[in-house]
Amino acid sequence: MSKKHKNNPGSRNARRISDVLMEFTVAVVGVDAPPRILENAIALNVRIWNLALLSPAEQGQELWRLREDLNLNQDPVNSAHVDDLLELRKMTYPNDLRHIRDYQISYDDEGALELTAEWVDMGLLAKSLEELYALYALHEKPAAVAPTQAPAV
């Protein structure tokens with residue numbers, strides 16, 4: 001299976017997110033998975049990938065939604081597979097804080113899958129927000145205090 005990827009210039013991560021996502025997906029479904037299985041696995045793994053970036057409370061809510069979307073809330077065996085995928089993502093790529101915003105799957109003239117993905121670095125975004133808040137705090141003016149009137153004599 002050959003893949004083509006678009007690079008995101010300026011990345012602090014050496015590997016393209018599309019490469020990492022394909023690696024994660026192939027580890028789950030295998031390199032010889034039929035195209036439809038591969039497409040479905042990529043869609044699921046994008047959601048799993050982004051779930052790993054959430055707080056534990058948010059993960060619980062989003063896992064429930066994901067299971068609901070996949071009709072797994074009444075299926076403990078397949079529901080556990082979703083949990084396993086999330087753990088695999090956390091263990092295999094613990095320091096990758098890229099949130100996958102969008103992805104596209106297409107096929108070249110020979111039928112080889114092409115995956116492109118857009119992402120946002122959540123670690124960098126959080127750091128930028130912290131710096132912005134600190135800068136705002138430095139320039140914040142104290143609240144105006146209403147002048148007090150001298151008591152009438």
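The legends below describe close-up views of a predicted model of a single chain.

**View 1. Overall order of the helices and strands in the chain.**
The chain holds 5 helices and 2 strands, and from the N terminus on these elements follow one another in the order α-α-α-α-β-β-α. Of its 153 residues, 27% count as buried. Among the contacts with a separation of 6 or more, 54% join residues that are 24 or more positions apart. The accessible surface of the chain comes to about 10,600 Å², and carbon and sulfur atoms account for 56% of that area.

**View 2. The largest nonpolar core and the elements that build it.**
In soluble globular proteins, nonpolar side chains tend to be buried together. In this model the largest nonpolar core has 24 residues, of which I42, I48 and W49 touch the most other members. Two or more residues of this core come from each of α1 (17–29), α2 (35–51), α3 (56–69), α4 (76–92) and β2 (113–121), and α2 gives the most, with 6 residues. When residues up to four places away in sequence are not counted, I42 touches L21, M22, T25, Y103, I105, L113 and L115.

**View 3. Helix α1 and the residue that follows it.**
At 1.5 Å a residue, the 13 residues of α1 should span 18 Å, and the C-alpha atoms at its ends are indeed 18 Å apart, so the expected and modelled spans agree. The buried residues of α1 are I17, S18, V20, L21, M22, F24 and T25, and of these, L21, M22 and T25 are touched by I42. Just after the helix, G30 takes a positive phi of about 95 degrees.

**View 4. A salt bridge between R15 and E23.**
The side chains of R15 and E23 form a salt bridge, in which the closest N and O atoms are 3.1 Å apart. With a relative accessible area of 38%, R15 is partly exposed, and E23 is likewise partly exposed, with a relative accessible area of 36%. This pair belongs to a count that comes to 8 salt bridges.

**View 5. Helix α2 and its buried residues.**
The 17 residues of α2 should span 24 Å at 1.5 Å a residue, and the C-alpha atoms at its two ends are 24 Å apart, so the expectation and the model agree. The buried residues in this helix are L38, A41, I42, N45, V46, I48, W49, N50 and L51. R36 is exposed, with a relative accessible area of 54%, and its side chain meets that of E39 in a salt bridge with an N to O distance of 3.2 Å. Because R36 and E39 are 3 residues apart in helix α2, about one helical turn separates them.

**View 6. The surroundings of N45.**
N45 lies in helix α2, and at 1% relative accessibility it counts as buried, because the limit for that class is under 20%. Not counting residues up to four places away in sequence, N45 touches L21, F24, T25, V28 and L85. One of these contacts is with F24, which is 21 residues away from N45 along the chain, while their C-alpha atoms are separated by 7.6 Å.

**View 7. A salt bridge within helix α3.**
E62 and R65 form a salt bridge, with the closest N and O atoms 2.2 Å apart. The two residues lie 3 residues apart in helix α3, which means that about one helical turn separates them. E62 counts as partly exposed at 27% relative accessibility, and R65 is also partly exposed, with a relative accessible area of 42%.

**View 8. Helix α5 and a nonpolar patch on the surface.**
A nonpolar patch on the surface is formed by L97, M122, L125, L129 and L132, which together have about 390 Å² of accessible area. One of its members, L132, has its place in helix α5, which covers residues 122–139. G123 also lies in helix α5 and is partly exposed, with a relative accessible area of 22%. In sequence, G123 and L53 are 70 residues apart, while in space the distance between them is 9.6 Å, C-alpha to C-alpha.

Definitions and conventions:
Residues are numbered from 1 along each chain as its sequence is written. This is a predicted model: local features need pLDDT of at least 70, side-chain atom pairs count only at pLDDT 80 or more; totals for chains, interfaces and linings use all residues. Side-chain values use heavy atoms; hydrogens and water are left out. A nonpolar core is a set of buried Ala, Val, Leu, Ile, Met, Phe, Trp, Tyr and Cys residues joined through side-chain atoms within 4.5 Å. Buried means under 20% relative accessible area, exposed over 50%, partly exposed in between (1.4 Å probe, protein chains only). Helices (H or I, at least four residues) and strands (E, at least two) are DSSP runs, numbered from the N terminus. Contact means heavy atoms within 4.5 Å. The expected span of a helix is 1.5 Å times one less than its number of residues. Patches are made of residues with over 30% relative accessible area and no salt bridge: like charges are joined within 9 Å, nonpolar side chains (Val, Leu, Ile, Met, Phe, Trp, Tyr) within 5 Å. Accessible areas come from the Shrake-Rupley method with a 1.4 Å probe; for residues, only the protein chains shown count as cover. A salt bridge is a side-chain nitrogen of Lys or Arg within 4 Å of a carboxyl oxygen of Asp or Glu.
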